[in-house]
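Got your viewer open? Let's take a short walk through this structure, one selection at a time.

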Protein chains: 2
Amino acid sequence: MATARVAPVDKRRLILDAAVNVFASRGFHHCRVSDVADEAGVAYGLVYHYFDSKEEILNTLFLERWDVMLEAISEIDARDLPVREKLYSIAGFIIDSYSHNPDVMKVIIVEVTRAANSFGAAHLGKISEAYDRIAAILETGREDGSFKSGIPADFAAMCFYGAIEQLLTGWIFGLLPRTDEEFERAKGLVTEAICGGLEHAPAEPPAPSA
Amino acid sequence: MATARVAPVDKRRLILDAAVNVFASRGFHHCRVSDVADEAGVAYGLVYHYFDSKEEILNTLFLERWDVMLEAISEIDARDLPVREKLYSIAGFIIDSYSHNPDVMKVIIVEVTRAANSFGAAHLGKISEAYDRIAAILETGREDGSFKSGIPADFAAMCFYGAIEQLLTGWIFGLLPRTDEEFERAKGLVTEAICGGLEHAPAEPPAPSA
DNA sequence: CTCCAGATTGACTGGTCAGTCAACCGCCTG
DNA sequence: CAGGCGGTTGACTGACCAGTCAATCTGGAG
């Protein structure tokens with residue numbers, strides 16, 4: 001007989017999903033654990049059956065998603081593509097993540113990624129791993145001569161990632177239009193902006209033969 | 001007789017400066033008002049003589065600095081310079097702000113600029129004014145043909161500002177080296193990265209005569 | 001010297017909320 | 001049917017802390 005018959009509803013998952021809603025709409029510091037429990041339709045105490053603390057809920061949400069992103073970056077890096085297309089794919093992945101589930105990305109960006117005195121510091125290793133993997137990709141671009149050697153790869157990675165995160169921030173704050181077409185368009189535009197630059201290229205010597 | 005003889009010490013200023021230290025090192029949500037009072041060497045109640053609430057202190061800190069930045073952007077825009085040099089000056093101004101007083105910028109970036117559910121939302125107008133002014137500068141670049149017309153100015157402004165803020169974030173988290181030389185170097189590098197792009201330019205037709 | 005207004009003090013209060021815990025439930029096992 | 005165990009409940013507690021306020025100080029004006 002099947003072990004699960006009447007879909008025993010994963011309460012832990014229910015709580016995590018509810019937490020995303022609540023954290024996104026009210027903010028981690030401005031909501032109560034009871035808000036999460038209510039949203040999940042679950043008793044207050046059950047939250048503490050599955051999680052040690054309110055913070056652990058956010059940690060879990062962050063790690064779940066960030067690991068997926070790190071995995072995606074590695075997978076993209078492993079493909080046999082020009083560096084620019086790898087960057088396009090990464091931008092695309094992050095933007096898709098936002099468009100498919102804005103709340104999770106909002107919570108991560110708003111509550112974790114910049115929280116230098118709390119969650120950000122706690123997850124610094126994971127966060128910088130993303131920058132490092134992007135930097136590694138850029139480094140291959142420097143090596144094959146397609147990317148400028150004058151801009152350090154780790155520096156370039158920060159610029160690239162920063163631009164993307166700022167776009168998400170723009171969407172989160174409602175400063176940029178949020179439509180599927182805009183999301184799609186943005187992928188190409190960030191890539192072009194960061195790789196190709198905002199300026200029209202002046203007469204420039206071609207890349208030195210690496 | 002002079003109105004001030006023994007340097008009456010502006011207690012309000014003292015509190016604001018103490019708040020910068022405390023907010024930067026412990027975080028707005030993880031510190032007590034009494035921490036600020038202690039740091040300022042002032043009685044707890046005096047904080048409430050000068051400010052209505054803990055939040056008002058942060059609001060004041062943000063507005064003081066942000067207005068200076070808006071002013072600086074306008075002043076830079078008014079100069080007769082190529083667009084790229086205006087952007088260099090803006091990047092330079094923001095980076096100098098950080099290098100001269102890291103704590104204020106840290107507090108603004110960590111506690112305000114991304115706080116979509118609290119301070120960020122409250123100051124959305126001011127925040128987006130900065131993006132708008134940068135976008136206006138970029139628009140002139142599009143008009144005079146030095147900047148690509150395919151990338152909307154508001155979009156480009158987000159990329160530019162995002163890259164800079166990410167650099168500050170890198171310094172705040174200790175992921176990028178914090179030396180005066182690095183700060184100086186970064187000004188040129190971000191400008192080159194964003195305006196000129198990370199890639200070596202391929203053969204590209206010159207800007208169409210606008 | 002007196003009087004006043006504004007500055008300064010810090011003990012206290014009121015409300016909030018994260019986390020605990022003892023009880024209860026429902027299902028499976030023997 | 002008894003026993004037990006993980007899942008589930010929600011009232012309760014203990015700590016914490018933003019904000020209040022009555023009292024005190026200080027320095028200038030008359």
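Start by selecting B:Gly197: of the residues of chain B, this one comes closest to the rotation axis, with its C-alpha at 1.7 Å. What is that axis? Turning by 180° with 0.0 Å of shift along it lays chain B on chain A, with an RMSD of 0.0 Å (a least-squares fit on the C-alpha atoms of residues with pLDDT of at least 70 in both copies). The two copies are thus related as by a two-fold rotation axis.

A quick note: this is a predicted model, where local features need pLDDT of at least 70 and side-chain atom pairs count only at pLDDT 80 or more, while totals for chains, interfaces and linings use all residues. Residues are numbered from 1 along each chain as its sequence is written, and chains are lettered from A in the order in which they are written.

Next, show where the chains meet. Here 52 residues of chain B are in contact with 51 residues of chain A, contact being C-beta atoms, placed from the backbone, within 7 Å. Now colour helix 9 (153–172) of chain B; this helix gives the most to the side that touches chain A, with 13 residues. Helices here are DSSP runs of H or I, at least four residues long, numbered from the N terminus. As 98% of the interface residues of chain B are also interface residues in chain A, the copies meet through the same surface.

Last stop: select B:Cys159. Leaving aside neighbours within four places in sequence, its contacts include A:Ala163, A:Val190 and B:Ile194.

Conventions
Contact = placed C-beta atoms within 7 Å. Helix = DSSP H or I, 4+ residues; strand = E, 2+ residues; numbered from the N terminus.
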